[in-house]
Structure formats: structure tokens, C-alpha cells
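Student: I would like to go through this structure with you. Could we begin with the overall picture and then turn to individual residues?

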Amino acid sequence: MIHVFGSINVDFVFRMRRMPGPGETVMADESLTLHGGKGANQAVAAARALGRPGGVAMHGAVGDDPFGPVIRAAMEAEGIDVSGIRTVADPTGRAVILLDDTGENSITVAAGANARLQADAPAYGGPGDLLVMQMEVPFDEVAKAATIARAAGCTVLLNLAPAPEGASAEAMADLLGQVDILVVNEHELALACTALGLTAGDSIPAAVAALAARIGCRIIATLGAEGVCRGLPGGDVLTLPAIPVDVVDTTGAGDTFVGAYAAGLAEGLSDEAALQRAVAAAALTCRKVGAQSAMPRAEEIDALLA
Ligand code: ADP
């Protein structure tokens with residue numbers, strides 16, 4: 001079973017010719033209301049990559065507002081167990097995403113209910129189960145959930161995104177010490193190395209190897225169109241190229257990667273096969289607009305890999 005502990009948002013997306021300056025109003029050419037939040041995105045990606053209902057449980061918080069039931073129903077329709085989604089007094093988390101003609105974006109997020117999310121025992125399974133987390137919910141609760149899951153024998157996968165800039169080096173070291181698999185992009189990799197006082201040299205493989213050795217866990221660095229680099233504590237480093245696709249929008253590629261990778265591991269694939277499936281799923285997401293709206297199902301991933 002895959003347990004996802006993380007954020008749930010509503011994304012208000014506005015497409016416009018140019019961004020408004022201070023004090024200015026600009027008319028949008030198009031607006032969309034989409035379901036997002038890194039936690040919910042990764043849960044949906046995992047459920048679709050698994051291709052069967054009942055393999056993913058979401059632990060998150062929504063507001064006591066009209067968005068809560070809509071999001072809950074949408075996730076349930078994906079075959080996700082939503083009994084771990086709490087309804088709290090704060091509004092559902094929201095993001096306002098402005099996109100201009102040059103492809104530039106500008107994003108404001110109000111954490112809302114996500115800031116109320118709390119880790120509680122014993123919710124995250126045991127041996128053979130996987131707890132997947134990101135950093136859009138309170139840092140201390142992520143750390144607490146990791147401790148609870150570890151004690152129960154569950155494997156902990158942390159996607160260190162968005163990079164927790166304000167955390168102390170000590171808090172970061174404590175958190176990373178509770179993790180079995182760490183997924184980072186280049187920026188988050190640098191942040192983790194710095195927090196642990198590592199001078200990892202000037203190459204990504206060197207940084208990945210140094211971090212894997214220091215924490216004693218599997219490190220996966222996603223490198224956008226360059227693919228991924230995985231390091232193991234024993235010093236082994238593997239790189240996999242991305243799959244070239246006609247890119248329309250890379251939003252959600254990182255979340256799709258994490259969800260599909262978790263699904264591969266939950267299905268008992270080898271780590272390399274799970275990585276390959278995740279690379280394929282992430283590439284497919286880049287071919288469509290949006291995050292959840294673009295995430296592929298198991299058959300599409302299989303077809304790309306065939
Ligand atoms: P994040 O959005 O979290 O920074 P990345 O940009 O590294 O994550 O993307 C995650 C994964 O998505 C990459 O490792 C790669 O497999 C895939 N991906 C990203 N951009 C592209 C692209 N342009 N073409 C094909 N695959 C891509």
C-alpha cells in the first residue's frame with residue numbers, strides 16, 4: 001500500500017498576454033480551476049500508474065468549504081482511499097497561477113488547511129508499505145510522520161520539494177536521517193548537501209553519491225530533460241536519460257515521477273524498472289497541459305515502454 005502524507009490544493013490558473021505590474025489589472029485570455037497540491041498530485045500519479053483501485057491512501061486536510069467535498073470525490077474516483085483526508089476549519093489550500101505568453105509563470109500559494117495537517121500514529125502502514133511525503137505541509141509534521149512510519153517498519157520516501165529554505169541544518173539532518181529514499185531536483189540536492197555540510201564537488205553524480213553515503217539512503221536526483229541520477233549508499237551511481245517527447249507543459253513532471261516510481265516499487269518492480277517507468281510517466285505528463293490533468297494511466301506508460 002502507498003500512503004501519501006501531503007498537501008491538497010485548488011489551483012486557479014490564469015493565462016494572459018503579460019503579467020500585471022504593481023497596482024495594475026490585466027484581463028486573462030483563459031482561466032481554469034484545477035486540482036493540485038504536491039501530495040494530491042503524487043497520490044493521483046501513483047493511483048493511475050498502479051492501474052487498479054485501492055493501492056493508494058491519501059492523508060491530507062481540506063477546508064470546510066465547497067472545494068473539500070469536490071476534491072475528496074475526485075480523488076475517490078481515482079481509486080484512492082480518502083478516509084485519511086480531514087476537514088478542518090481553515091479554507092482549502094489555494095494557488096493562484098499566472099501564465100504569460102512567454103511561458104513565464106508567477107505563483108502565489110495560501111496553505112490554508114494544509115498548515116493544519118498533523119501526523120498521527122498509527123496511520124501509515126507497516127512492513128511492505130510505502131509512505132510518500134513532500135514539503136508543502138508543516139516541516140515538523142513531516143518529520144513526525146517519518147518517525148511513526150519508520151518505527152512501524154514502513155519505507156519512507158521523501159520528495160524534498162519545495163526546498164525547505166528556512167529549516168535549520170540540525171532539523172534537516174534529523175529529517176533526512178529518517179528517510180529511506182530521497183527524491184530531489186538539482187536545487188533541492190544542493191540545499192540538502194549544504195545543510196549536511198557536504199562539499200560534493202562540481203558534478204551531480206558526485207553530489208548524489210556523497211549524499212547517499214552520508215545519509216545512508218537511496219538518493220534520486222531528477223534533472224528535467226536530462227533524466228535522473230540515482231545514488232546508493234554503497235557508492236553505486238546510475239543515470240537514466242529522459243524520454244524525448246514534444247513538450248507542451250512540464251508542470252507536474254516531478255510529481256508524476258514520484259507517484260509512478262512509488263507505484264513501481266509497490267508493485268514489486270526492481271528499482272531500475274521502477275525508475276524507468278517513472279521516467280516514462282513523467283515524459284508523458286510533459287505532453288499535456290496541467291498536472292493531474294496530464295498524468296498518464298498504466299496502459300499509456302506501458303505503451304511508451306513497449
Ligand atoms: P521538478 O519539476 O520537480 O524540478 P524535473 O524538472 O527534474 O522535476 O522533472 C522530473 C522528471 O520529469 C525528470 O527526471 C524527467 O524524467 C521528466 N522530465 C522533465 N522534463 C522533461 C522533458 N522536457 N522531457 C522529457 N522528460 C522530462
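Tutor: The discussion below moves from the whole chain to its aromatic pairs and then to selected residues. Please keep in mind that this is a predicted model.

Student: How many helices and strands are there in the protein?

Tutor: The protein has nine helices and 13 strands.

Student: And what does the radius of gyration say about the fold?

Tutor: The radius of gyration is 19 Å, close to the 19 Å given by the globule rule for 306 residues, so the protein is as compact as a globular protein of that length. Along the principal axes, the C-alpha atoms fill a box of roughly 55 × 45 × 40 Å.

Student: What share of the residues is buried?

Tutor: Buried residues make up 50% of the 306. As for contacts with a separation of 6 or more, 66% of them are between residues 24 or more positions apart.

Student: What about the surface and the charges?

Tutor: The protein exposes about 13100 Å², and carbon and sulfur atoms supply 53% of that area. There are 19 positive and 36 negative charges, and the mean positions of the two sets are 3 Å apart.

Student: Turning to side chains, how many aromatic pairs are counted?

Tutor: The count comes to three aromatic pairs. In one of them, the ring centres of Phe 5 and Tyr 124 are 5.8 Å apart and the planes meet at 75°, so this pair is edge-to-face, the class for angles over 60 degrees.

Student: Where do Phe 5 and Tyr 124 sit along the chain?

Tutor: Phe 5 belongs to strand β1 (residues 2-5), whereas Tyr 124 is in the loop between β7 (105-110) and β8 (130-133). The pair links distant parts of the chain, with the two positions 119 residues apart.

Student: Is Phe 5 buried or exposed? And Tyr 124, buried or exposed?

Tutor: Phe 5 counts as buried because its relative accessibility is 1%, under the 20% limit. Tyr 124, at 2% relative accessibility, likewise counts as buried.

Student: Which class does the pair of Phe 12 and Phe 67 fall into?

Tutor: Phe 12 and Phe 67 form an edge-to-face pair, 5.8 Å from centre to centre with 70° between the planes. Phe 12 lies in strand β2 (residues 9-15) and Phe 67 in helix α2 (residues 67-77), so the pair ties together parts that are 55 residues apart in sequence. Phe 67 counts as partly exposed, with a relative accessibility of 23%.

Student: Which residues does Arg 94 contact?

Tutor: Beyond its neighbours within four places in sequence, Arg 94 is in contact with Asn 9, Val 10, Phe 12, Asp 65, Phe 67, Thr 108, Val 109 and Ala 110. Both members of the pair just described, Phe 12 and Phe 67, are thus among them. Arg 94 is in strand β6 (residues 93-99), and its relative accessibility of 29% makes it partly exposed. The C-alpha atoms of Arg 94 and Val 10 are separated by 4.8 Å, although the two residues are 84 apart along the chain.

Student: Where is Asp 255 found?

Tutor: Asp 255 is in helix α7 (residues 253-266). Asp 255 is buried, with a relative accessible area of 4%. Setting aside neighbours within four places in sequence, the residues in contact with Asp 255 are Lys 38, Asn 41, Gln 42, Ala 45, Asn 159 and Met 295.

Student: Changing topic, which peptide bond is cis?

Tutor: The bond from Ala 161 to Pro 162 is cis, with omega near -5°. In general, most peptide bonds are trans. Pro 162 lies in the loop between β9 (155-159) and α4 (169-176).

Student: Where does Ala 167 lie?

Tutor: Ala 167 also lies in the loop between β9 and α4. Its relative accessible area is 26%, so Ala 167 is partly exposed. Not counting residues up to four places away in sequence, Ala 167 touches Phe 139 and Met 172.

Student: Finally, what does Val 245 touch?

Tutor: Val 245, in the loop between β13 (237-240) and α7, touches Ala 283, Cys 286 and Arg 287, leaving out residues up to four places away in sequence. Val 245 and Arg 287 are 42 residues apart in sequence, and their C-alpha atoms are 6.8 Å apart in space.

Notes. Residues numbered from 1 in each chain as written. Predicted model: local features only at pLDDT ≥ 70, side-chain atom pairs only at ≥ 80, totals over all residues. Heavy atoms only, no water. Phe/Tyr/Trp six-rings, centres within 6.5 Å; stacked < 30°, edge-to-face > 60°. Helix = DSSP H or I, 4+ residues; strand = E, 2+ residues; numbered from the N terminus. Buried < 20%, exposed > 50% of the residue type's maximum accessible area, 1.4 Å probe, protein only. Rg over C-alpha atoms; globule rule 2.2 N^0.38 Å. Contact = heavy atoms within 4.5 Å. Areas by Shrake-Rupley, 256 points an atom, 1.4 Å probe, with all protein chains shown as cover. Lys, Arg positive; Asp, Glu negative; His and termini not counted. Charge placed at Lys NZ, Arg CZ, Asp CG, Glu CD.
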